[in-house]
Amino acid sequence: MSETTSTNEENKLPLNGRRAIPPNYSNDEENEVPEMEAFGLIPRGFNPRDYLRVVDIYMFKEPQEINKQEHHTDKYYNPKLIVRRGQAFQIQIDFNRPYQPQSDQFWLEFLMGRYPQQNKGTYIPIPVGSALKPGQWGAKIIHRENNSIRLSIMSSATCIIGKFRLYVAVLTPYGILRTRRNSATDTYILFNPWCQLDAVYLDDEKEREEYVLNDVGVVFHGNVEDVKSRSWSYGQFEENVLDACLFLMDKAELELSGRGNPIKICRVASAVINSRDDDGVIAGSWNNSYDHGVAPSAWTGSVDILLEYYSSKQPVRYGQCWVFAGVFNTFLRCLGIPARLITNYSSAHDNNANLRMDFFLDDEGKVDTRLTKDSVWNYHCWNEAWMTRPDLPVGFGGWQVVDGTPQETSDGMYRCGPASVQAIKHGHVCFQFDAPFVYAEVNSDIFYTRMEKNGTQVVENIDTTRIGQLIVTKEVGGDGMMDITEEYKFREGSDEERLALETAVMYGVKKQSIQDTTYQPQTDVDMDFQAQKAVLGNDFKVTITFRNKSRNSYTATTYLSGNIVFYTGVPKSEFKKHSFSAKLEPSSSSSFDVVIKSSEYMRDLLEQASFHFFVTARINETGKILAVQKAVMLEIPTLRIKTKGELVAGKETTVIVEFTNPLKQTLENVTLRLEGPGMLRTIKKQFGRIPMNSTLTWEVKFTPMRAGLRKLIASLNSDALRHVYGELNVQIQKP
C-alpha cells in the first residue's frame, strides 16, 4: 500500500494558494494520458482485445494530399499535419474489425500542453455526429470500407492555434481505451484567412497569396527623395520555422488559452521580437560596431535568425528596424495572420510625444546639438497585421500597426501595437494600443527654434510637411512599391486633416500651440536645397537656391553643415562646415554650389552611407532666419548574380556572385551571404580582403528541389562597406 501513496504524492501538483493548476504556457510540454481509464474495479475476465481497437490512423498529411492542398499548407517543410481553423480536414482510422455504429462508441481528443482543460480550449473531445456545423468542433463519418472509416473533422474558427496531440478513445463497459501517444498524428492548427468566421479573414485571394503565402518580400529603405529597395527572405515555410514561431509564444509566456486571439498574439510578439526586458529574439544595435555578432545589414532573411534563437534561446546579434520587421513578418505569416512590412519615410522619434520635433538654433542660426534631443529617422520599418478588433468600436478592424523595434515602453515593456491604422488616420488615438505614439511618428511638425540670450524661444521656422510624407509597402503580386500614405493621413492642409488633428488633441495627444511662442516667418524669401546624385567614393555638389519675391535687395549669411548620420537621424560627426554671404537681388532667384569631396566624408562614413545637411541663412536686413534640412544617400554598388547552365528541379546548378570594389581603399574582413528561399539555405563565405578596383568572384553549386519562380538574394559586408545587395529572379523548370 505504501508504494502507491508515495507515487500519488509525486504526481500531485505543486501547491499554490492562488490557482488550482500552474500557468499553462508551454505548447511543448505534455501530460501522461492513460491508455486504459477504468470506471472502477475491472473484472478478471476483461480483455481489451475483445473490443473495438484502433490499429492505425492515417492523417493525409503529405503536401500533395487533400488536407494540405485544401488548407494552403502544402508549402510548409514539415512532415506533420498542418490545417487551418474553421475548415474541415480528413483522417482515416483503421480498426481491428468493422465499425458497428449501433454498438460501438468512439470519439477523438485533441490535447495541448501540460494541463489540458476543456474550458480553456486545451482539451477538446470531439464526438462523432451526423452533420458538421460551420466553425464549430465536430466530426462525421464520410466513408466506411471493411475495417476502416474516413472522418471529416471541423475545427472551431476561434480555437487556439499551435500543436495538438491526437488520441482516439473507445468506450467499453469497464473504462475508456485510448490510443498510445503517437507523435506522427500531432496536428498543427493555424489561423485561417480563407474562413469567413476567423478573426483574420481576408476576402481577396490575390492579397491572401501575397500577405500569407509569399515567402519573399521587399524592404524599402533610403530616404524620401531616393527610395531604395532590397529583397528579404521571410522563409515562413522552411524546416523548423513553425516550431520556432510557436516557441516565441511560449517564451513570451502567453497562456495557451489566449492563443486563439490575434490581438494578444501580436501584442506579446511585438515585445518578444526584441531582446529588451525579456531576452527576446534580436538584440538591436545602432552604434556601427557589431562585435561578436552579425551586422544588421548582412542578414538576407529571417530564417537564420529564428532558428539560431530557437536552438540557443539567446538573443541573436544584431538587428535594426528592418530586421525586427522582417522577422515579425515571418512570425505572423507563419501562423496564418496576414501581414506586410511598412516603411515610413522621415519618421519622427519624438522623445516626449508632443507632435513637435524641436531643432534648436544658436544666435548665428547654426543647429545646437547640445539642446536638440528629437531625431528624424530617414525611414522606419514596422508591420501591419490584418484582423478584426472586437475590443474597439465598429470600423477599426483591418490593418493594425505592430512594431517590434524597441523605441519606447508600453505598459512597462518595449513593444508597440496593435494600433488600428483607421484610428490613426481619423485621430481616434484613444483606442488601444499605442496609437498616440504611431500618430506622432507620421504627423509631427518640425520647429526650428532660436534661443535668445535671455532664454526666450523664438520659433524661426515650422516644417509641417516633412514627417511621414511617404508611407509605402510592397505591391501585391509584384516587387514594386505601393504608396499607402493616404491610409494613415488625410491630404496635407485638407479640412479632414485638421479635424483628425483636433480629434487627436482632444484625446490627449499633446500639441503645443504656436501662440505659446513668438513666430513671424520671413515670407518674401524662399530657400531650397538640392543634392546631385552621389556615388560612394566620388565627389558631388549640392546647390542652395534663394528666391527673393520682394522688391528689396537682401544679403543672407548662410551656413551649411554636413553631418554623417545613422539612418535614425542621429549625427555621428560633422564633416563639412561652409559659410558664405549671398546677395539676393529683388524679384529674382540665385543659386550657389558647394562641392563635397570624397576625402571629406570617406573616413567617417557609416554603413548606410547617409548624410544629413542643415542649411540656415540669416537675412541681415530683417534678422529673420530660413532653415532647411535634407538627407542625402550615396549610391552603393551592387552585387551581380548570374547562373550557369540550365535550372531544373533535382539537378545540380551553379550560381556566380561577383563584386568589384569601387573605393579608393582595400576592403577588409569581407563576408558574403547567399540564400534562395525555398531552394537554398543561407551559405556564407569569408574573404580576407578585396584591393581597390579588383573583382571578387564566388561560385556556389546547389540543387534546387522544387520547380517554380524563385529568388536568389546576396549580401556583402565588410569593415568599410555595408548594405551591398544583389538579387536575381530564377525560373526553375520541372524535370
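A cavity is a set of grid points inside the protein where a 1.4 Å probe fits but cannot get out, and its lining residues are those with an atom within 4 Å of a point. With that idea in hand, the enclosed spaces of this predicted model can be explored. The count comes to five cavities of 30 Å³ or more. The second largest cavity holds about 60 Å³ of space. Its walls are built from Glu210, Tyr211, Val216, Gly217, Val218, Tyr234, Asn329, Arg333, Arg340, Leu341, Thr473 and Lys474. Two or more of these lining residues come from each of helix H3 (205-213), strand S12 (216-223), H7, strand S16 (339-349) and strand S25 (470-474). Strand S12 supplies the largest share, three residues. Sorted by class, the lining of the second largest cavity comprises five nonpolar, three polar and four charged residues.

Next come the domains, which give a map for the rest of the tour. The protein is divided into domain 1 (36-190), domain 2 (215-510), domain 3 (521-633) and domain 4 (640-732). For domain 3 and domain 4, the C-alpha centres lie 39 Å apart. Six residues from domain 3 and six residues from domain 4 take part in the contact of these two domains.

Open spaces can be followed in a similar way. The largest pocket contains about 670 Å³ of space. It is lined by 30 residues, and those closest to its centre are Asn461, Asp463, Met527, Ala627 and Val628. Three elements each give two or more residues to this lining: strand S24 (457-463), strand S28 (525-531) and strand S35 (625-635). Strand S35 gives the most, with seven residues. By class, the lining of the largest pocket has 13 nonpolar, 10 polar and seven charged residues. Because domain 2 (215-510) and domain 3 (521-633) both give residues to the lining, the largest pocket lies between them.

Helix H7, already met at the second largest cavity, also takes part in a helix pair. Two packed helices are described by the angle between their axes and the distance between the axes. The axes of helix H4 (residues 241-251) and helix H7 (residues 321-335) come within 10 Å and cross at roughly 105°. Angles of 65 to 115 degrees count as roughly perpendicular, so H4 is roughly perpendicular to H7. On the H4 side, the residues that meet H7 are Val241, Leu242, Cys245, Leu246, Leu248 and Met249. Their partners in H7 are Thr330, Phe331, Cys334 and Leu335. The contact of H4 with H7 has nine nonpolar residues, one polar residue and no charged residues.

Finally, the backbone has a few spots worth a look. Most residues other than glycine have a negative phi, and most peptide bonds are trans. Against that background, the peptide bond from Arg317 to Tyr318 is cis, with omega near 5°. Tyr318 belongs to strand S15 (residues 316-319). The peptide bond from Gly417 to Pro418 is also cis, with omega near 0°, and Pro418 lies in strand S22 (residues 416-420). Glu253 is not a glycine, yet it has a positive phi of about 55°. This residue, Glu253, is found in the loop between H4 and helix H5 (262-272).

Methods:
Residues numbered from 1 in each chain as written. Predicted model: local features only at pLDDT ≥ 70, side-chain atom pairs only at ≥ 80, totals over all residues. Heavy atoms only, no water. Axes fitted to C-alpha atoms, helices over the stretch in contact; angles between N-to-C directions. Helix = DSSP H or I, 4+ residues; strand = E, 2+ residues; numbered from the N terminus. Parallel < 35°, antiparallel > 145°, perpendicular 65-115°, else oblique. Contact = heavy atoms within 4.5 Å. Nonpolar A, V, L, I, M, F, W, Y, C, P; charged D, E, K, R; others polar. 1 Å grid on protein atoms, 1.4 Å probe; cavity = no way out; pocket = protein on both sides within 12 Å on 5 of 7 lines; lining within 4 Å. Points joined across faces, edges and corners; volume = space filled by probe spheres on them. Domains from an automatic or database assignment.
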